[in-house]
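Okay, thanks for squeezing me in today. I'll put the structure up and then walk you through the parts I'd like you to look at.

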Amino acid sequence: MMGPGWYLRRLSRMGPAEVVGRARHAVVQRQWRSALPVAPDWPSHPRFTAGLPAGVLGKVSAEAASRLLATADELMAGRAEYFGVVRTDMISPDWFLDPKTGRRAPSDVYAFDVPYRSEDAVGDIKQIWEPSRHQHLTVLAAAYALTGTPAYATRVAAHLRSWWEENPPLQGPHWVSGIELGIRLLSWVWTRRLLDGWAGAPELFEDNPDFQLQLWHHQNWLATLRSHGSSANNHVIAEDAGLLAAACAFGWFPESAGWRTSATRSLDVQLGRNTFPSGLNAELASEYHGLVLELGLAAALEADAAGTPVPGSTWDVLLRMTDALASIVDNRLHPPRQGDADDGFGLIVDGVSTDRWASLLATGEVLFGRLDWWPPLPGDDVRTPLLASLAARTPQATGVRPGQRPAHLRDAGMTILRSGRVWARCDGGPHGFLSIAAHAHADALSVEVRHDGVEILADPGTFCYHGEPQWRSYFRSTLGHNTLELEGRDQSVSGGPFLWTRHAVTKVLDVRTPPDGPARWSAAHDGYAPAVHRRTVELDGEVLTIVDEVLGEAGAAGRLAFHLGPEVTVMLDGTTAHLRWPAPDASALTAEAGASRSGGAAGVSNAAEESRSDSGSEAGRAGQLAAAPDPVVGRVSGSLASDSALAGAGSLAGSGEGVRTAVLELPPELSWSVHRGESEPPLGWYSAGFGRKEPSTTLIGSGTPGQLTTLLHFS
């Protein structure tokens, strides 16, 4: 639970208008506690007319359908994974259970009294909320639409009836957060659409008083308590998208027209505010770029299908976001891992093995057309033909599109250096979005480096939000990124898990990305004032040079961190680190690397099992890794001077054809150490997704930095 100090810090980041707005929300919540708002009479014979156009389902490829059905059949068997935890109760889920901690949130408490931030009281609220976004139901409904198998539809109906009965309006944890209500509404729209051929659909939806009550209260909640001020980030986009989609597809209430108008206007304004002119999401959190783009596209296409199109300015933002995504992905279509990530999706109608980013770009290609510099898009998906079928006309986007792939997105401070198979992201942008910068990390001047899509110098990720403050602090700390920490403190000052009270200011000094020859980037930040940290990165062929300088304060103690990706193994010889990793197209070697990441010769269980275990046993496994005598597989410290030893160690990963290598020459002015899977304090971890973490190797150089040069040679 948050103490008085947090509330004071949070209040300090609000302007007068936000304070007044929050006071109004508090009054409404107090009124609703004593008397629920009353829904109007339901029309006598509502008709659902927002089905898919004829023939659209036939455009879904057999491969995409197969992936979808594989996921749907797992759900039918009662299995689903949320944030690294496998649930086996999905035949008849407990909507209030956190399977990670075993705790159960109160279901009979007024929504705004639920202490959802307290893991001790309710468990991990993300584990509780996620199934109630009902995105597993859109998957089952899509499986019904593609196969006509009634079992999928009857399972959807059972889950919805159960949820509506157990979650009456404004009661329990599922009525606390607007983003949850907005995404749930979008799921209901698509569930009804995809069940349109099922005889039981009208009885489940438009002829069902329970659905009528739920639908009105969801929309009334969102129209009344819309996020604003310093909280108007991706949450308000989800709220507007859900309200707009529901008011278009289920426009049966007296308020529906007004809800459509207000949601359309707010979505247009908030998309503009949440997006840089370059097209990148202003939260500077790559996964939220994907979430906001998915939500915006789904809402805009819903409005188009209903004959109440969004303004051209909305489409302009969505077009810019799509081109920006195409500009920053690596050659495996993976975007940067900047800022927070919680695996949030706007709309899911695909199997879990469908690539999210390829799917988004495929939708953009159909709606806007691809540019010559866009990356090739392998495979296909279910969502693109379904979404695109709602467009009554070509979206009216009028913005000028970039004629060549942008390397430097100036307003966002993101620079992508490329050379052949090498991709490097340099961070010289603002600390975050709005006054609280909720999803920012203290990562100024950090770099990510990938080789053919494999993470070499990695951003460790996010792992968690609530409940584990030590881990939350580590994953968003300066030491948790590939940059320089001074005097043991972060560049920006945290005031809570989603609050920064002082933001480092970063300035890009120089960017040169010629079509041929070396690419160069230089930037500095004031997070350690009066000292200034300046970094220059140069990529010349397959050689990356990083120069760090500390100006204005001599003698400050520093730590320079380099976090290696989970597939990278390392042997440290003095200040030279020998790196190797399996080639990305060698599937057998990739599987072997996965085994080595989770223990290999140390006898540790695989990564999926590790992520499902409790933190105590995870710490024990980390201890096994640290104690392992084997000096390869990403966990070596000490001196290994022999090249023959390196070559012999490489045989553990596979043949030379399946292994790639690099040499990292570290600054000799610092004393270097290797860390992996340490818990007190945390160091040497990688989070592939929310709720999941695994040991990885971190190299730390300690000393008094002046000018430090690091070279990474790929071979």
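I'll start with the whole chain, then go through the helices, the cores, the strands and a few backbone oddities.

First off, this is a predicted model. The chain has 715 residues, and 59% of them count as buried. In secondary structure terms we have 21 helices and 25 strands. If you take the contacts with a separation of 6 or more, 73% of them are between residues 24 or more positions apart. The chain exposes about 25,500 Å², with carbon and sulfur atoms supplying 53% of that.

Now find helix 7, residues 150–166. From first C-alpha to last, its 17 residues reach 24 Å, close to the 24 Å you'd expect. Its buried residues include Tyr-152, Val-156, Leu-160, Trp-163 and Trp-164, and there's also Arg-155 and His-159 in that set. What covers them? Part of the cover comes from helix 3, helix 6, helix 8, helix 9 and helix 10.

Follow the chain on from helix 7 and you're in the loop leading to helix 8, where Leu-170 lies. Leu-170 has a phi near 65°, so a positive value in a residue that isn't glycine. It counts as buried because its relative accessibility is 5%, and the cut-off there is under 20%.

Then comes helix 8 itself, which also has 17 residues and reaches 25 Å, against an expected 24 Å. How many of those residues are buried? 17 of 17.

On to the cores. The largest nonpolar core has 126 residues, and Trp-190, Leu-195, Phe-250 and Trp-315 have the most contacts inside it. Apart from that one lies another core of 42 residues, with Ile-546, Leu-560, Trp-672 and Phe-714 among them. As a general point, nonpolar side chains tend to be buried together in soluble globular proteins.

Let's zoom in on Trp-315. Beyond its sequence neighbours within four places, its contacts include Leu-297, Ala-300 and Leu-301, as well as Leu-367, Phe-368 and Pro-395.

Also worth a look is Asp-304, which sits in helix 13, residues 286–305. Is it buried or exposed? Asp-304 is buried, because its relative accessibility is 6%. Outside its neighbours within four places in sequence, it contacts Pro-309 and the residues Leu-390, Ala-391, Ala-392 and Arg-393.

There's another positive phi to show you, at Leu-333, about 65° and again not a glycine. You'll find Leu-333 in the loop between helix 14 and helix 15, and at 5% relative accessibility it counts as buried.

Right, strands. Strand 12 (residues 519–525) and strand 13 (residues 532–540) run antiparallel, joined by 7 bridges. They form a hairpin with 6 residues between them, and His-525 stands opposite His-533. Look in the loop of that hairpin for Pro-530: the peptide bond joining Ala-529 to Pro-530 is cis, with omega about 10°.

Strand 13 then pairs antiparallel with strand 14 (residues 543–551) through 9 bridges. Arg-534 has Glu-549 as its bridge partner there. This second hairpin has 2 residues between the strands, and one thing to spot is Gly-541, with a positive phi near 65°.

Last stop: a cis peptide bond from Glu-680 to Pro-681, omega near 0°. Pro-681 is in the loop between strand 20 and strand 21.

That's my tour, thanks for listening.

Methods:
Residues are numbered from 1 along each chain as its sequence is written. This is a predicted model: local features need pLDDT of at least 70, side-chain atom pairs count only at pLDDT 80 or more; totals for chains, interfaces and linings use all residues. Side-chain values use heavy atoms; hydrogens and water are left out. Helices (H or I, at least four residues) and strands (E, at least two) are DSSP runs, numbered from the N terminus. The expected span of a helix is 1.5 Å times one less than its number of residues. Buried means under 20% relative accessible area, exposed over 50%, partly exposed in between (1.4 Å probe, protein chains only). Contact means heavy atoms within 4.5 Å. A nonpolar core is a set of buried Ala, Val, Leu, Ile, Met, Phe, Trp, Tyr and Cys residues joined through side-chain atoms within 4.5 Å. Accessible areas come from the Shrake-Rupley method with a 1.4 Å probe; for residues, only the protein chains shown count as cover. Two strands pair if DSSP finds at least two bridges between them.
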